[in-house]
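Load the model in a viewer and keep the selection panel open. The stops below are meant to be taken in order.

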Amino acid sequence: MVWRQTRDNRGTVLPPVAVDGTIVHSIRKLPVRITCCIPLCQRTTKHVAVPVTVEGRVVDFGAQWICQKHWALVPGALKREHSAAKRDVKRQGTFAADLASYQVWERCKSIAADMAFGLR
């Protein structure tokens with residue numbers, strides 16, 4: 001169905017109207033989905049924003065995701081280090097803590113990808 005946007009004389013946007021003239025009362029927006037960070041993995045999840053303020057800028061911890069199948073390949077010690085680094089960012093809110101958290105996350109992704117492809 002083709003939609004057209006209309007305005008009244010004052011420039012106010014009117015509800016969307018289909019080309020056949022029927023008024024559309026609501027257009028359902030689908031949730032944003034993100035895929036697993038591991039190449040060739042097609043698993044997806046709903047993006048849930050986890051905003052954290054770091055020195056005046058907002059960081060979203062929910063922007064990347066590793067599915068359960070690949071997260072199980074990450075060693076437990078590294079998972080605990082990742083959790084501690086995220087906790088530090090939320091508590092301290094410093095750039096140094098954010099950088100440390102990012103580096104641990106990149107190691108988690110690297111190890112999970114290597115294990116998935118049988119390189120480790």
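The tour goes through a helix, a charge over a ring, and a loop cysteine.

The model is predicted. Start by selecting residues 95–116, which form helix 3. With 22 residues at 1.5 Å each, this helix should span 32 Å, and its end C-alpha atoms lie 31 Å apart, which agrees.

Next, show the side chains of the buried residues of helix 3. In order along the chain they are Ala97, Asp98, Ser101, Val104, Trp105, Cys108, Lys109, Ile111, Ala112, Ala113 and Asp114. An α-helix has 3.6 residues a turn, so residues three or four places apart point the same way.

What do the buried residues of helix 3 pack against? Add strand 5 (51–54) and strand 6 (57–60) to the view, then helix 1 (68–71) and helix 2 (76–92): these are the elements they pack against.

Move past the end of helix 3 to glycine 118, which follows the helix and has a positive phi, near 75°.

Now select lysine 86 and phenylalanine 61. The charged end of lysine 86 sits over the ring of phenylalanine 61, 5.7 Å from the ring centre.

For the last stop, centre on cysteine 41, in the loop between strand 3 (33–35) and strand 4 (44–46). Is cysteine 41 buried or exposed? Its relative accessible area is 11%, under the 20% cut-off, so cysteine 41 counts as buried. Leaving aside neighbours within four places in sequence, cysteine 41 is in contact with Cys36, Cys67 and His70. Finally, pick lysine 69: cysteine 41 and lysine 69 are 28 residues apart in sequence, and their C-alpha atoms are 9.8 Å apart in space.

Terms used
Residues numbered from 1 in each chain as written. Predicted model: local features only at pLDDT ≥ 70, side-chain atom pairs only at ≥ 80, totals over all residues. Heavy atoms only, no water. Helix = DSSP H or I, 4+ residues; strand = E, 2+ residues; numbered from the N terminus. Expected span 1.5 Å × (residues − 1). Buried < 20%, exposed > 50% of the residue type's maximum accessible area, 1.4 Å probe, protein only. Contact = heavy atoms within 4.5 Å. Lys NZ or Arg CZ within 6 Å of the ring centre and 35° of its normal.
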